[in-house]
Amino acid sequence: MPVHHPCDTPASASSSPQPGAVSPDWAAIAHELEIADERAFNMAWVAVDRHVAAGRGARIAFRFLAEDGSHHEVSYRQLAELSDRFANALTALGVGKGDSVFLLCGRRCELYVTVLGALKIGAVVSPLFPVFGPEPIRNRVAQAGGKVLVTTASAYRRKVAPIRAELPTLRHVLVIDDLGGAPLPEMHDWNTLMAAASAAPVLVPTAADDPALLHFTSGTTGTPKGALHVHQAILMHYATARRALDLQPGDIFWCTADPGWVTGMSYGILAPLAVGVTSIVDEAEFDALRWVATLAAERINVWYTAPTAVRMLMKARPALVAGRSFPALRFIASVGEPLNAEAVRWGMATFGRPIHDTWWQTETGGIMIANAAGELKPGAMGRPVPGVAAHVVRRAGEPKGTVEIIEAPDTVGELALETGWPSMFRAYLGQPERYRACFAGPLYLSGDLVRRDADGFFWFVGRSDDVIKSAGHLIGPFEVERVLMAHPAVAEAGVIGKPDPLAGESIKAFVTLKRDVEASEALRAELLAHARRSLGPAVAPREIAFAEALPHTRSGKIMRRLLKARELGLPEGDSSTLE
Ligand code: WT7
């Protein structure tokens, strides 16, 4: 199968991995997925229509649990038909191949239909986290030149209406619930469009390498990066769901991640559909008792969740365990942050199953490293999944852009992956230099520091940059600093992640004030509110401290590491203790 090579970077690895050292049998995976032509297929067809064509249309694809305890289900056949209709509705609006369709709504049926319908016409789907405030939304839609936004009336009013004038490319807003009041120009009612649309099956031809998904992620500097993924990513979603998550056709699966993030898209929508399982979708927000009740009552077989959720469940433990058993639960896995050995064992004590850590990133599009069924090491991230080769490397100073592979076990270095897996990102939208900088010859450099033990298991050590992980969400300090600096009282801002027992890290900002502005509790409250209004609660700082001055490098960059060292009372010169 022709897997598009990521880049033409002139740099090369000083010690090149052997080509063919991994034998990813992607052709066999494509065959398993009933893909006739490996070069031309559409992930929505692989996910949904293929099952209908093979007589599996009556299976339940999603079972939606509403907040009030009611539920409804949608079968693979219904999902195929609804997404055809939505694809036709988009076409009727003049939306076509390559156009970007953004989503900003909760986990409801319309979201899933929108994703699949847009994929069917070759549009590029970009989900936004519903907890984002107006600024993260504006930035992402503007960068991608978003043409369509599917959202709810209340999200539109609160978050999109104030920035709509700054989004000239946004042609159509589709509202999935009652808009109320007078509709605005280029505003459509999702249900009316669906009712008017043709039900004819649609499939715009797409190449395996055509763009399909755009997931924004954060770096240390600059604007968020739009990681672009292609249709063949579904080969990876499927293969890893089978091998790393032990997902089997007919299973009942619960991925607790929101589709606003890559985990909720790759493993909340595409992977389970590709395998042909029934996914449980909880429309409500996290609640420890509700979650445990759901695991038991829905007879979940495979559960994919996050360490922050595990920690919150661990905290609520005495109330949870009482009188429940989970005979259906076969496999539990987690992703996004370190999962310590204690949490792995807590899974065993509480559910009778350990929690299997997995590692990947927005850029990798799918699981790269995992504790597979039957080979788990508590505290480790696991071993590379079949078809993936991982290395520990050191960035060499000279020639610039080269790396050296560290063969010795238990040595800390950066995690690097041999390029060529199908769900690898193909671009940072509009930022080719940043994309190229992620590669050294045939290796993708992850930015994570790890060590590999003598058994080949990888252990997470830390990030090599300043990005923050709070409640599993990657947050770029610059996105937060920029918003604080937009406040008239603020001269400069430096943002760090501070250890937090539940969220992993919480966001703390240090600000200096403009001349003649006095620090006060009232100003602190105003800055917190300003950040929250603009960024939304998931990205806004929890704490703001006033500082006389912020430390700078000679080139003028704020030294976040030093701020962090001072905050944690660590030696200022030793940056390695900060990882
Ligand atoms: C970063 C990627 C892709 C799913 C989640 C979020 C951290 C991920 C683990 C793990 C320790 C982990 C890394 C990585 N991370 N999994 N098992 N142990 N850290 O994707 O938002 O792009 O974040 O999350 O630092 O680089 P993302």
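**Figure 1. Glycine G569 follows directly on helix α17 and takes a positive phi of about 70°.** The view is drawn from a predicted model, as are the views in the other figures. Helix α17 spans residues 560-568, and its buried residues are R560, L562, L563, K564 and A565. These buried residues of α17 pack against three elements: helix α15 (477-485), strand β26 (490-500) and strand β27 (504-513). As general background, an α-helix has 3.6 residues a turn, so residues three or four places apart point the same way.

**Figure 2. Lysine K564 is a buried residue of helix α17.** K564 has a relative accessibility of 17% and is counted as buried because this value is under the 20% cut-off. The side chain of K564 reaches the backbone oxygen of G497, at a distance of 3.4 Å.

**Figure 3. Two residues other than glycine, R299 and D516, have a positive phi.** For R299, phi is about 50°. R299 is situated in the loop that joins helix α10 (288-297) to strand β12 (302-305). For D516, phi is near 75°. The loop that holds D516 runs between β27 and helix α16 (521-535). D516 is counted as exposed because its relative accessibility, 78%, is over the 50% cut-off.

**Figure 4. Helices α2 and α4 pack at an angle of about 120°.** Helix α2 comprises residues 43-53 and helix α4 residues 109-120, and their axes are 8 Å apart. The two helices are therefore described as oblique to each other. The crossing of α2 past α4 is left-handed. On the α2 side, the contact is formed by M43, A44, A47, V48 and D49, and on the α4 side by L116, L119 and K120. Sorted by class, the contact of α2 with α4 contains six nonpolar and two charged residues, with no polar residue.

**Figure 5. Helices α5 and α15 pack at an angle of about 115°.** Helix α5 covers residues 134-144, and the axes of α5 and α15 lie 11 Å apart. Helix α5 passes α15 in a right-handed crossing. Residues E135, P136, N139 and R140 of α5 make the contact with E479, R482 and V483 of α15. The residues of this contact of α5 with α15 comprise two nonpolar, one polar and four charged. Helix α15 is also one of the elements against which the buried residues of α17 pack.

**Figure 6. Threonine T151 is a buried residue of strand β5.** Strand β5 is made up of residues 148-151. The relative accessible area of T151 is 0%, and T151 is therefore counted as buried. A polar atom of the T151 side chain lies 2.8 Å from the backbone oxygen of L104. With neighbours within four places in sequence left aside, T151 is in contact with L104, C105, Y156, V173, L174, V175 and I176.

**Figure 7. Valine V392 is a buried residue of strand β17.** Strand β17 consists of residues 390-395. V392 counts as buried because its relative accessibility is 2%. Although V392 and G413 are 21 residues apart along the chain, their C-alpha atoms are separated by 5.3 Å. When residues up to four places away in sequence are not counted, V392 touches E404, I405, I406, T411, V412, G413, E414, V450, R452 and F458.

**Figure 8. Phenylalanine F457 is a buried residue of the loop between strands β22 and β23.** Strand β22 (443-452) and strand β23 (458-463) flank this loop. F457 is counted as buried because its relative accessible area is 6%. Apart from neighbours within four places in sequence, F457 is in contact with N371, E375, K377, A380, G382, R383, R451 and R452. Residue R452 is thus listed among the contacts of F457 and also among those of V392. From C-alpha to C-alpha, F457 and V141 are 39 Å apart in space, and in sequence they are 316 residues apart.

Note on methods. Residues numbered from 1 in each chain as written. Predicted model: local features only at pLDDT ≥ 70, side-chain atom pairs only at ≥ 80, totals over all residues. Heavy atoms only, no water. Helix = DSSP H or I, 4+ residues; strand = E, 2+ residues; numbered from the N terminus. Buried < 20%, exposed > 50% of the residue type's maximum accessible area, 1.4 Å probe, protein only. Polar contact = N/O pair within 3.5 Å; in protein donor to acceptor, adjacent residues only side chain to side chain. Contact = heavy atoms within 4.5 Å. Axes fitted to C-alpha atoms, helices over the stretch in contact; angles between N-to-C directions. Parallel < 35°, antiparallel > 145°, perpendicular 65-115°, else oblique. Left-handed = near helix turned anticlockwise from the far one by under 90°. Nonpolar A, V, L, I, M, F, W, Y, C, P; charged D, E, K, R; others polar.
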